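Hi there,

Here is the structure I promised to pass on to you. Have a look at it first, and my notes on what I found follow below.

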Amino acid sequence: MTSGFVTLLYKEVLRFWKVSFQTVGAPVLTALLYLMIFSHVLESHVQVNGVPYGAFLIPGLVIMSALQNAFANSSSSLIQSKVTGSVVFVLLPPISYVEFFLAYVVAAMLRGVMVGVGVLAVTIWFAPLTFVAPHWILLFIALGGAIMGTLGMIAGIWADKFDQLAGFQNFLIMPLTMLSGVFYSIHSLPEFWQVVSRFNPVFYMIDGFRFGFFGASDVAPEFSLAVVTASFVLASAATLALLRSGYKLRS
Amino acid sequence: MSVAVSISRVEKCFGALRALAGVSLQVAEGEFFGLLGPNGAGKTTLISCLAGLTRPDSGTLSVMGHDVRSDYRSARRQLGVVPQELVFDPFFSVRETLRIQSGYFGIRNNDDWIDEILANLDLTAKADVNMRRLSGGMKRRVLVAQALVHKPPVLVLDEPTAGVDVELRQGLWQFVRRLNQDGHTVILTTHYLEEAEALCGRIAMLKQGQVVALDTTRNLLARYSGQTLNLRLAGGAASLPDALRARATESDGTCAFHLAGLDELEPLLSALREGHCVIDDLRLTQADLEDVFLGVMQNSGSAHEAAR
């Protein structure tokens, strides 16, 4: 790997780190508010799989914030540089499309993980958490972040204007992440919505992630891993094909 | 002398628009080459093809012998491009911008060279200022600096002085001229014809995606050398005898006659006298690149001949 990739990755990380108050701080605060409000209302009424509601909610909030911010990172970076024209600075150098892809996805994943760690750090004090299988925790947040970084690239490459990107974010990413079992176990849903949830790849990211904490989940973590890995391969193949063709980047 | 840039039968369409209709030209190492043409002639598209920002439908381009498609890594290392738009990354300072740009080309610890470029472009005092806080002229200089971080043998400047004040323009040209003297090949597109005339050794003129003139600046000027006689007649252009009217180019009530030499002046004046034309105003001007440009652009018929 040439240092073109290393520099592009460094630049992408520096970009969000310089405004970390908004890119990391803000989502951490939002997640904290969710936790305080929902656990206040539901703590005494709800238990999921024998876990108190607050403890059940925290891993969901951690990975949901990570996923949303991974998406936001690659998509906003691309659309900004496209709209301002500064994308030429990364198109002129000898950087291959694979390096380009990896730099954006890894940077998005890193932001996702950073936000996740931040959310965990401020919420862990509100409920008793266990870490039964840490390797599942790391695996699912990393893969989930990579998938969302990849989808963010697709959205950022496709969108010509900020409102198109907002549409993608509000009508696809938000529903996928919110309706994935962050706030509930899908077993509590009516039969129909349980089936629908099983077609949402984000459900498997969250379910597998949560398994790492409690050792219990709606589906087996191995199965979730298979679905998430397959989703990553598909999304990556699509993104690499776009980049290779030069779609909307090289006319 | 070896070839720095080779462009061969390049065609590019955007939908129904034929931006490049088979452009071929070569630029030798060490040349200061001008690319002229009206808006929409295809200059920027051609440069984009050379830089790999646009993919041609057909034809080949190479930089220092490296094909821009099949050997893009080498080709891009040999090429520095100053884009036309005043673009910048608002997250970084000038020095960060240049360090990052160096890294993209695989160059680390480039600070000595970066300092040298900054000094030459009068940017040293602004090195640690965020890009957002620079004036337009300063941003333009940073764009030039960015194009130079990897010491490319070929430098392309796409209308670098559009909207730039006189002082900066002079400074920029001094610097670019020195780069050229140091052996860099420079390709310049500009709207300022006097700029091209002063700087470029050879010029290609583009119109509707085709090369309509390609020659040394001296030959181009010689082709349209001589003088132009500008006349304002009391009776307007309508009062010209038929034979003369065919030779005149008319604009704003002034009739212009191209003269190959001053010996053509007397016969013209006597023809006017015989036609009883009354002269209100008379000016004799030396041909410059602007006349060449206008002549070439109006004279589309000879376009193909010139391109050959």
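Strand S3 (residues 32–36) of chain B runs parallel to S9(B), and the two are paired over 4 bridges. Within this pairing, Leu35(B) has Ala204(B) of S9(B) as its bridge partner. Please keep in mind as you read that this is a predicted model.

The two strands belong to an open sheet of 6 strands in chain B, ordered S6-S7-S8-S3-S9-S10 and with mixed pairing. Its edge strands, each paired on one side only, are strand S6 (79–82) and S10 of chain B. From one strand to the next, the twist averages 15°. Helix H5 (residues 136–148) of chain B packs on this sheet, where it touches S6 and strand S7 (154–158) of chain B. The direction of H5(B) makes about 170° with that of S6(B).

At the S10 edge, strand S9 (residues 202–207) of chain B pairs with strand S10 (residues 210–216) of chain B in the antiparallel sense, over 6 bridges. One of the partnerships here is Ile203(B) with Asp215(B) in S10(B). The hairpin of S9(B) and S10(B) has 2 residues between the strands, and Gln208(B) takes a positive phi near 45° there.

Chain B also has an open sheet of 4 strands, in the order S2-S1-S4-S5, and its pairing is antiparallel. The edges are strand S2 (17–28) and strand S5 (66–67) of chain B, each of which pairs on one side only. Helix H1 (residues 43–51) of chain B packs on this sheet and touches strand S1 (3–14), S2 and S4 of chain B. Between the direction of H1(B) and that of S1(B) the angle is about 115°. As for S5(B), 2 bridges join it to strand S4 (residues 58–63) of chain B, the two running antiparallel. Ser62(B) stands opposite Asp67(B) in that pairing.

Stepping back to chain B as a whole, you will find 12 helices and 14 strands. The C-alpha trace of chain B spans about 75 × 45 × 40 Å along its principal axes. Of its 308 residues, 39% count as buried. Contacts in chain B between residues at least 6 apart in sequence join residues at least 24 apart in 71% of cases. The chain is divided into domain 1 (1–78 + 152–219), domain 2 (87–151) and domain 3 (226–286). Between domain 2 and domain 3 of chain B, the C-alpha centres lie 54 Å apart.

Now for chain A. Helix H3 (residues 53–84) and helix H5 (residues 97–123) of chain A pack at an angle of about 150°, and their axes are 7 Å apart. The crossing of H3(A) and H5(A) is right-handed. Sorted by class, the contact between these helices has 16 nonpolar, 8 polar and 1 charged residues.

How do the chains meet? There are 23 residues of chain A in contact with 24 residues of chain B. On the chain A side, the elements that give two or more residues are helix H1 (3–17) and helix H4 (88–91) of chain A. H1(A) supplies the largest share of that side, 7 residues. By class, the side of chain A that touches chain B has 10 nonpolar, 9 polar and 4 charged residues.

Happy browsing, and best wishes!

Note on methods:
Residues are numbered from 1 along each chain as its sequence is written. Chains are lettered from A and ligands numbered from 1 in the order in which they are written. This is a predicted model: local features need pLDDT of at least 70, side-chain atom pairs count only at pLDDT 80 or more; totals for chains, interfaces and linings use all residues. Two strands pair if DSSP finds at least two bridges between them. Two residues are in contact if their C-beta atoms, placed from the backbone, lie within 7 Å. Axes are lines fitted to C-alpha atoms, for helices over the stretch in contact, and angles run from 0 to 180 degrees between N-to-C directions. A residue is buried if 20 or more other C-beta atoms lie within 10 Å of its own, exposed if 12 or fewer, and partly exposed in between; C-beta atoms are placed from the backbone. Ala, Val, Leu, Ile, Met, Phe, Trp, Tyr, Cys and Pro count as nonpolar, Asp, Glu, Lys and Arg as charged, and the others, Gly among them, as polar. Domain bounds come from an automatic or database domain assignment. A crossing is left-handed if the near helix is turned anticlockwise from the far one by less than a right angle, and right-handed if clockwise.
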